[in-house]
Amino acid sequence: MLVRASSFTVDLGEGGYLIGFTDDYEYPQEMPFGWRCGPATDAGAVVLTTTDTGPLQLTVQLHDTVPAPETGTAWEPAEEISLRADLPTLHIATLEQGDILDAWPDEQPPLEFPVTSDGTDWVRMRLYCHADDPEPGIGDHGERHLVQLWPAPHTPSVHPDITEADRQARAEYAGDMATPVEDYTTTYTHPGEHD
């Protein structure tokens, strides 16, 4: 049964958003190219969007049991992952260029999930996505997401198959994340200067 729902607009940056029961955010070490969502940590997920810098209509629903699947053609096929509830409050943050910003609107009360204090609770997250304009890009693409959450034991994720191009994009991102920042710096000397 639906316990609570919240709908609002998120102004996206360039990298989608993070969602989960943690406020300890950093850029994910892996990016789920080919999927809409994937684990950033045990307690948080990264969600990739069609919209690159623009509005996204987000609806989050808390259920006390597994909700019935959405039917019809309004949504892309759903994906599911399990999240550990490190905190009782759901957090959302946008991935900006070089920064991660809290995206939960001030005018919306926080969504609290009833969890125990030992951090062993798991929540299932089902994600539905739709974009009026499915071509990735900047601006309003009429994109909306529905996130359904309910208590459930940790189970394997549900995602579509990925392509070889997705695998390569994942490997390139992981390689970039593994390269220390100092490896990107270069020292320039002016002609005639000596060390």
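**Exercises on a predicted β-rich chain**

In this predicted model, L58 has H145 as its bridge partner in β10.

**Exercise 1.** Determine which strand pairs with β10 in the parallel sense, and over how many bridges.

*Solution.* Begin with the bridge between L58 and H145, the latter lying in β10. Next, place the two residues in their strands: β5 covers residues 55-63, and β10 covers residues 144-151. These two strands pair in the parallel sense over six bridges. In general, the strands of a sheet pair through backbone hydrogen bonds, in either a parallel or an antiparallel manner.

**Exercise 2.** Establish the strand order of the open sheet and identify its edge strands.

*Solution.* The sheet holds five strands, ordered β1-β5-β10-β9-β6, with mixed pairing. Its edges are β1 (2-11) and β6 (79-84), each of which pairs on one side only. From one strand to the next, the twist averages 20°.

**Exercise 3.** Describe the secondary structure of the whole chain and the sequence separation of its contacts.

*Solution.* Count the elements: one helix and ten strands. Along the sequence they follow the pattern β-β-β-β-β-β-β-β-β-β-α. Then consider contacts with a separation of 6 or more: residues 24 or more positions apart account for 81% of them.

**Exercise 4.** State what share of the residues is buried, and characterise the exposed surface and the charges.

*Solution.* With buried meaning under 20% relative accessible area, 39% of the 195 residues qualify. The chain exposes about 10,900 Å², of which carbon and sulfur atoms supply 53%. Finally, the chain has 8 positive and 36 negative charges, whose mean positions are 11 Å apart.

Key: Residues numbered from 1 in each chain as written. Predicted model: local features only at pLDDT ≥ 70, side-chain atom pairs only at ≥ 80, totals over all residues. Heavy atoms only, no water. Pairing = 2+ DSSP bridges. Helix = DSSP H or I, 4+ residues; strand = E, 2+ residues; numbered from the N terminus. Axes fitted to C-alpha atoms, helices over the stretch in contact; angles between N-to-C directions. Buried < 20%, exposed > 50% of the residue type's maximum accessible area, 1.4 Å probe, protein only. Contact = heavy atoms within 4.5 Å. Areas by Shrake-Rupley, 256 points an atom, 1.4 Å probe, with all protein chains shown as cover. Lys, Arg positive; Asp, Glu negative; His and termini not counted. Charge placed at Lys NZ, Arg CZ, Asp CG, Glu CD.
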